[in-house]
2 protein chains.
Amino acid sequence: MKGGKTLGIIGVGLMGGSLALRAKKFNLFQHIIGVEKNQAHTRQALEKGIVDETLSFPEALEKSDVILVALPVSATAEILPQILDQIQPHQFVFDLASTKEHIVNSVKNHIARQNYVATHPMWGTENSGPLAATEESFENKVLVICDAEDSREEWVKQTQDLYQKLGMKVIFMDSKSHDLHVAYISHISHVTSYALANTVLEKEKEERIFQLASSGFSSTVRLAKSHADMWLPIFKHNRENVLDVLEEHITQLQKFQTALIMERYNEIENYILNANKIRKILDKKI
Amino acid sequence: MKGGKTLGIIGVGLMGGSLALRAKKFNLFQHIIGVEKNQAHTRQALEKGIVDETLSFPEALEKSDVILVALPVSATAEILPQILDQIQPHQFVFDLASTKEHIVNSVKNHIARQNYVATHPMWGTENSGPLAATEESFENKVLVICDAEDSREEWVKQTQDLYQKLGMKVIFMDSKSHDLHVAYISHISHVTSYALANTVLEKEKEERIFQLASSGFSSTVRLAKSHADMWLPIFKHNRENVLDVLEEHITQLQKFQTALIMERYNEIENYILNANKIRKILDKKI
């Protein structure tokens, strides 16, 4: 990424806001423009110094060298073809959406497809909006660039360079594999967390009891705080992969259930010992 | 708790060790004795200054004013009647086990029942052993005393006093209710976390992919690192309550599954919105 350029961010929330703050910290752009429909978010983004100005979508598109789409997946799939319709040869656009196959397919045959780079930063929190944005959020995280061969080499290079300057580790993957793997290591844990919250809300009618919950419960149920605006489209876009891993998860729970009903404690012990393997795997570094 | 007394801790692991460290910080006992079968743990506990000396079980029992059983639930239920068989009128014993009904039932008709106070500190981690013990672990946590009416008033008072000096909020509950509620706010989240780990280990065969996992996944799967030694007996002792809440949990997951199969996205949205309520409930303070 050369200095002196203008970044236009469509959607100044947690993700777009955090990227802007970190880009400002390292002075990676001369000017950052925000496009944001939510008026409270617009005000917050300006007050927090996340963007230098906010403009309408067409104005921002015209003035930006690099365009970042930082919207939920459905909105990303909707706006991306519109951006490519108007994009100039000296501009490129990248996105942050959590599923990729549907999005890259939506512009597969677009004449300006090469001006789009599909990316997914592997972090998130249960919070949202520009107030939740921080300049550290992108630090030391993994960034996936999908289907790089469908983008112009120069734009891939600039995108990779930008993310590396933000302090991320960049890896490459095809969008189909990406969606499968994120179903396993991200989407299913959101489903289980939502389901756990609903389970406990259904069973535990004494509200004061929740105050007894230790950090273990809070940790497991944390993702259940995540917004429907973001997650409903993800489940929709990645439906088949999510259904596939969810089927396995229900089978796993039924396996535990049957063993406990039948009091087959050796089986439960092996079940736990197998699950414990996750410690070693998670502790490994890239 | 008056000063000048001796505390004997049966089982110097994460829980017993953390209680000892905090009691030392506030000088609540003149002398702390450890009883520990595991030789590595014995050495670590002495080196870390958790206990002043380690003795055999009979020696410790004789020398202690207050006896703490800090063992997994099965071992607690086994050793508690033996302790009460030998306990002197000036001594009392309390435990930390995570299920209570089975344990209080095991000494229900014991002649020295009144010298036992059933307690459960509402915290834990996925780690274990004296090396994981810290002097802050008991701070600002909730402590449940169960079936207090079955213990001598003086011993309940001293136990409550001890925990309050450790910085805990003490609440009272009958053991049957306790076991029901901990199934909801603690045991089920361990089952779901073990099941999630096994699901992902089953589906994701590329180990490097785990390195893409964000903190959301780690958070949800954290409890799957918890030891079988501790958790198998808990599931055994609290089998009926765990089965009851597990049944609800599987039903909740199937509800999500059916909605996604049928592409009833309104239903999934409501499912997520309902789960989101957990945020407000968890954020409330006691």
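Glu263(A) sits in the loop that links α10 (239–261) to α11 (265–283) of chain A, and this position is a convenient place to enter the structure, which is a predicted model. The backbone of Glu263(A) has a positive phi of about 55 degrees, although the residue is not a glycine. For comparison, most residues other than glycine have a negative phi. The relative accessible area of Glu263(A) is 45%, so the residue is classed as partly exposed.

A second positive phi turns up in the other chain. In Asn140(B), likewise a residue other than glycine, phi is near 60 degrees. Asn140(B) belongs to the loop between β6 (116–121) and β7 (142–146) of chain B. With a relative accessibility of 66%, Asn140(B) counts as exposed, because the threshold for that class is over 50%.

Turning to the overall build of chain A, the secondary structure consists of 11 helices and 8 strands. The radius of gyration of chain A is 21 Å, close to the 19 Å given by the globule rule for 286 residues, so the chain is as compact as a globular protein of that length. Along the principal axes, the C-alpha atoms of chain A occupy a box of roughly 65 × 40 × 30 Å. Of the 286 residues in chain A, 60% are buried. Sequence-distant pairs feature strongly in the contact map: among contacts in chain A between residues at least 6 apart in sequence, 74% connect residues at least 24 apart.

The surface and the charges of chain A can be described in similar terms. The accessible surface amounts to about 11,600 Å², and 48% of that area belongs to carbon and sulfur atoms. Chain A carries 32 positive and 36 negative charges, and the mean positions of the two sets are 4 Å apart.

The strands of chain A form an open sheet of 8 strands with mixed pairing, in the order β3-β2-β1-β4-β5-β6-β7-β8. At its edges are β3 (53–54) and β8 (169–173) of chain A, each of which pairs on one side only. Within this sheet, strand β4 (residues 66–69) of chain A runs parallel to strand β5 (residues 92–95) of chain A, and 4 bridges join the two. One of the residue pairings in this region matches Val66(A) with Phe92(A), its bridge partner in β5(A). Phe92(A) also helps to show how β5(A) is packed: Phe92(A) and Phe94(A) lie on one side of the strand, Val93(A) and Asp95(A) lie on the other, and all four are buried, so that both faces are covered.

Chain B has an open sheet of 8 strands as well, with mixed pairing and the order β3-β2-β1-β4-β5-β6-β7-β8. Here β3 (53–54) and β8 (169–173) of chain B stand at the edges with a single partner strand each, so one side of each has no neighbour in the sheet. Strand β1 (residues 6–10) of chain B pairs with strand β4 (residues 66–69) of chain B in the parallel sense, over 4 bridges. In this part of the sheet, Ile9(B) has Leu68(B) as its bridge partner in β4(B).

Several residues make contacts that reach from one chain to the other. Arg239(A), located in helix α10 of chain A, touches Leu260(B), Ile261(B), Glu263(B) and Tyr265(B), when residues up to four places away in sequence are not counted. Within its own chain, Arg239(A) is 60 residues from Asp179(A) in sequence, and their C-alpha atoms are 10.0 Å apart in space.

On the chain B side, Leu232(B) lies in helix α9 of chain B. Its relative accessibility is 13%, so Leu232(B) counts as buried. Apart from neighbours within four places in sequence, Leu232(B) is in contact with Tyr265(A), Ile268(A), Glu269(A) and Ile272(A). The C-alpha atoms of Leu232(B) and Val73(B) are separated by 9.3 Å, with the two positions 159 residues apart along the chain.

Lys225(B) is found in the loop between α8 (215–221) and α9 (228–237) of chain B. At 14% relative accessibility, Lys225(B) falls under the 20% limit and therefore counts as buried. Leaving out residues up to four places away in sequence, Lys225(B) touches Asn276(A), Ile278(A), Arg279(A), Leu282(A) and Asp283(A), together with Glu126(B) from its own chain.

Definitions and conventions
Residues are numbered from 1 along each chain as its sequence is written. Chains are lettered from A and ligands numbered from 1 in the order in which they are written. This is a predicted model: local features need pLDDT of at least 70, side-chain atom pairs count only at pLDDT 80 or more; totals for chains, interfaces and linings use all residues. Side-chain values use heavy atoms; hydrogens and water are left out. The radius of gyration is taken over C-alpha atoms; the globule rule is 2.2 Å times the number of residues to the power 0.38. Buried means under 20% relative accessible area, exposed over 50%, partly exposed in between (1.4 Å probe, protein chains only). Contact means heavy atoms within 4.5 Å. Accessible areas come from the Shrake-Rupley method with a 1.4 Å probe; for residues, only the protein chains shown count as cover. Lys and Arg count as positive and Asp and Glu as negative; His and the chain ends are not counted. The place of a charge is taken as NZ of Lys, CZ of Arg, CG of Asp or CD of Glu. Two strands pair if DSSP finds at least two bridges between them.
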